[in-house]
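This report looks at two annotated spans, a chain-chain interface and a few local features. Keep the sequence and the 3D view open while reading.

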There are 2 protein chains.
Amino acid sequence: MALAELSPSHTKIHSPQLSYLSTCHSNHRGLSLRPLPRTQIARVVCSVTSTQQVQSPPIQVEDSKKKPECYGVFCLTYDLKAEDETKSWKKLINIAVSGAAGMISNHLLFKLASGEVFGPDQPIALKLLGSERSFQALEGVAMELEDSLYPLLREVSIGIDPYDVFQDAEWALLIGAKPRGPGMERADLLDINGQIFAEQGKALNAVASQNVKVIVVGNPCNTNALICMKNAPNIPAKNFHALTRLDENRAKCQLALKAGVFYDQVSNMTIWGNHSTTQVPDFLNAKINGIPVKEVIKDTKWLEEEFTEMVQKRGGVLIQKWGRSSAASTAVSVVDAIRSLVTPTPEGDWFSTGVYTTGNPYGIADGLVFSMPCRSKGDGDYELAKDVIFDDYLLKRIKKSEAELLAEKRCVAHLTGEGIAVCDLPGDTMLPGEM
Amino acid sequence: MALAELSPSHTKIHSPQLSYLSTCHSNHRGLSLRPLPRTQIARVVCSVTSTQQVQSPPIQVEDSKKKPECYGVFCLTYDLKAEDETKSWKKLINIAVSGAAGMISNHLLFKLASGEVFGPDQPIALKLLGSERSFQALEGVAMELEDSLYPLLREVSIGIDPYDVFQDAEWALLIGAKPRGPGMERADLLDINGQIFAEQGKALNAVASQNVKVIVVGNPCNTNALICMKNAPNIPAKNFHALTRLDENRAKCQLALKAGVFYDQVSNMTIWGNHSTTQVPDFLNAKINGIPVKEVIKDTKWLEEEFTEMVQKRGGVLIQKWGRSSAASTAVSVVDAIRSLVTPTPEGDWFSTGVYTTGNPYGIADGLVFSMPCRSKGDGDYELAKDVIFDDYLLKRIKKSEAELLAEKRCVAHLTGEGIAVCDLPGDTMLPGEM
């Protein structure tokens, strides 16, 4: 889903020096070599292992507390407290976004800044992570944010080192990932992106808020989220999410169309499992106008054979028509995912998100990041939905996605500190329209 | 500013037939030839004239009342009235957007749909105008809007004929324009885009709400807005705007940076004149924390020599850094422009918009679309700001922009029904970063 490029973690990383600027136009970018060995990186796909990986690297406190590079007008000081008297704003929150120069972020950042996500009384700081190659584009994004004059957007900083950028982050929206190159196997992709997410997990562990909420969008997002989580042992495991909300939204739209109702009538839509072609859009539990879908849509053949395919093919059809991937609707679904965690879930409904399985009531294997139906009180946390029913057809499909995620997990064992990686992945299960 | 392409108006236009669909996936696009001769088009740059142009073409009522093609889930019927009981929503408004498959629209449409522009209680219908070439992309945009499940977005229709798409439009956001090709003179661009905006003016006149508010973004936007207006004699002249809000926003940011304050402290920022390099960002009337800018920023040399240049070069710098034009911040500025008309202007402040000059108190020649300081009661209308001061330096620069707009007007006389076009334009005054 995320197409923006990042430096792979075995690349030498430069950290921009802190510099306060007095112009929107240029941003001097001092480069200094980080002196500490960050990680022991597996360079060979699914073959090198290191149980050291799960431990945080020995970051010096001083170094890790370095602020990322503020940008332009956002380097200016301001007195939010003084303004508070007239505005009664909440305390500033820090939101880190990786792949910040990419197309999904280009939509998402402006939504965050506008107040659409966290509300009109919530000032925010955006911390933008890019790659060395995309640094200039990152400056361009920051310039456009300046020119948008969003009153809620109080700080913007940009950088290419997650140890700088993730400083004090309360939300980390991990969008950046390496796209799949020509001839690249899913195993290669898992390893390359796994290294990025291992590095980012360590960085979050070292410098972010210890209650940071993490939403992984970069693919393969479930296993990336698992790797990220395993490399951040100080952050609660339940704070890590893999984005399956776009799949949920697409599924709702398809059910609405088939039933001939407007999409706001569809509820209780679960995406089970992996964000891949083994995902399970659940029409057994979904409801239309409060009535089970199967009682409204009698065409079982359509539900069993076409519905899932239509949800999954959506991205591919879009690329065909529009010539680009679904950046705008992906960004909307990230907004939805965040809002589902910071606003109470409507009575009786739930939402889908990929979360860590540990003692779940559905019989899904522990130790995976698996999309499941969740509810939230609006405090940033979630609980698993009750009143979920299963039949053999649904269970069989969930098992297939579970098997795939277990295989992906074995394939990245060298990145999660769980021993020697063994890759026995099934065929290509990337969703069409995602690279 | 607008880079999306449109069919030039001398191309044969096909109008998609009305068809109700039962799938998100494909949209059958029946093509039927419009039987009526639309306009007498000037094919030779600045040389052919026709006083007939200002009159509306003889559109049959039946034909002009044809609905544009609804898309996917938005073809479904729903009962907004029934929902009203729980939602207390306002009456649906129709918003037409041209260049709808382009990058600016790709940001703007989702902002409109989210409620960011018209508020959380205002359901909307989006009418998307594209070109024959971009029709598939238009379907892609509609698909992404479907997948976003915005509850306020009740109708989406797509089409390539402005006589269909502008039907009952209460807002027309005219973003699409032909980009300047290699070796193309400004006069050529004025003529090519002028023809598009003449056509769209006629279409608005024939089928839109007779109080439609029109915001022209496609360049050269001032003269395009003038042409559009002149071809829509039944719509009040004061309903037409040319977008100079991005310039205003950029100017505020630069003043904030120079003064070392946050941008929300800058007010009363006027952009005078043309959206071109003759535009005048007015530092004489602008205020920082309520104090005249010249009392806060003592560096007169910077104000007189660098400030305007920095505002104008912004788009060019952005293209250099980011590799794309400023689609996101342009869309934000369109949002700002609309909101300035539908919410009351804060006491003592004003905003800039290019409007028709007729009996203005500033001594600017009548009959131009000229950016000036305006205030609104929030009813969609505006009045010109009072308490504006002038000095020789400001007046001299305003006169230069006025002279340019008078020259542009003479150059498109064949499109405004004002006789034979004569082109004596000064050198290239396109803003850097805009094509």
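Residues 244-414 of chain A are 47% helix and 16% strand. The end C-alpha atoms of this span are 25 Å apart. This is a predicted model, and every value here is computed from it. UniProt, in an unreviewed entry, annotates residues 244-414 of chain A as "domain: Lactate/malate dehydrogenase C-terminal".

A second UniProt annotation, also from an unreviewed entry, covers residues 94-241 of chain A. That record reads "domain: Lactate/malate dehydrogenase N-terminal". Here the chain is 41% helix and 19% strand. The end C-alpha atoms of residues 94-241 lie 18 Å apart.

| Span of chain A | Helix | Strand | Distance between end C-alpha atoms |
|---|---|---|---|
| Residues 94-241 | 41% | 19% | 18 Å |
| Residues 244-414 | 47% | 16% | 25 Å |

**The interface of chain A and chain B**

How many residues does each chain bring to the contact? Chain A gives 64 residues and chain B gives 63 residues. The two chains bury about 5,600 Å² between them. Carbon and sulfur atoms account for 61% of that area. Three residues stand out on the chain A side: Y263(A), K321(A) and W322(A). Together they supply 14% of the area that chain A buries against chain B, more than any other three residues.

Polar pairing also crosses this interface. The rule finds 25 residue pairs in polar contact, with both residues at pLDDT 80 or more. Which elements of chain A give two or more residues to the side that touches chain B? Six of the contributors are helices: helix 2 (80-87), helix 3 (103-114), helix 4 (135-147), helix 8 (245-259), helix 10 (300-322) and helix 11 (327-342). Strand 6 (153-159) is also on the list. Helix 4 of chain A gives the largest share, nine residues. By residue type, the side of chain A that touches chain B divides into 28 nonpolar, 19 polar and 17 charged.

**Salt bridges**

Side chains of opposite charge can pair when their charged atoms come close. Over all chains, a search of the whole structure finds 36 salt bridges. Across the interface of chain A and chain B, the rule finds ten. R154(A) and D264(B) offer a cross-chain example, with their side chains meeting at 2.9 Å, N to O.

Another salt bridge sits within chain A. The side chains of K252(A) and E248(A) meet at 3.4 Å, N to O. Both residues lie in helix 8 of chain A. They are four residues apart, about one turn of the helix.

**Disulfides**

The count comes to four disulfides over all chains. One of the disulfides joins C70(A) and C75(A), with sulfur atoms 2.0 Å apart. Is this link right-handed or left-handed? The link of C70(A) and C75(A) is right-handed, with 110 degrees about the S-S bond.

**Backbone details**

Where does a cis peptide bond occur in chain A? The bond from N219(A) to P220(A) is cis, with omega near -5 degrees. P220(A) lies in the loop between strand 8 (213-216) and helix 7 (221-230) of chain A. Chain B has a cis bond from N219(B) to P220(B), with omega near -5 degrees. P220(B) is in the loop between strand 8 (213-216) and helix 7 (221-230) of chain B.

L149(A) has a phi near 50 degrees. That is a positive value in a residue other than glycine. L149(A) lies in the loop between helix 4 and strand 6 of chain A. Helix 4 and strand 6 both give residues to the side of chain A that touches chain B.

Conventions: Residues numbered from 1 in each chain as written. Chains lettered and ligands numbered in written order. Predicted model: local features only at pLDDT ≥ 70, side-chain atom pairs only at ≥ 80, totals over all residues. Heavy atoms only, no water. UniProt positions renumbered as here; feature names shortened; annotations may be inferred. Contact = heavy atoms within 4.5 Å. Buried area = accessible area lost by both parts, 1.4 Å probe. Salt bridge = Lys/Arg side-chain N within 4 Å of Asp/Glu carboxyl O. Polar contact = N/O pair within 3.5 Å; in protein donor to acceptor, adjacent residues only side chain to side chain. Nonpolar A, V, L, I, M, F, W, Y, C, P; charged D, E, K, R; others polar. Disulfide = S-S within 2.5 Å.
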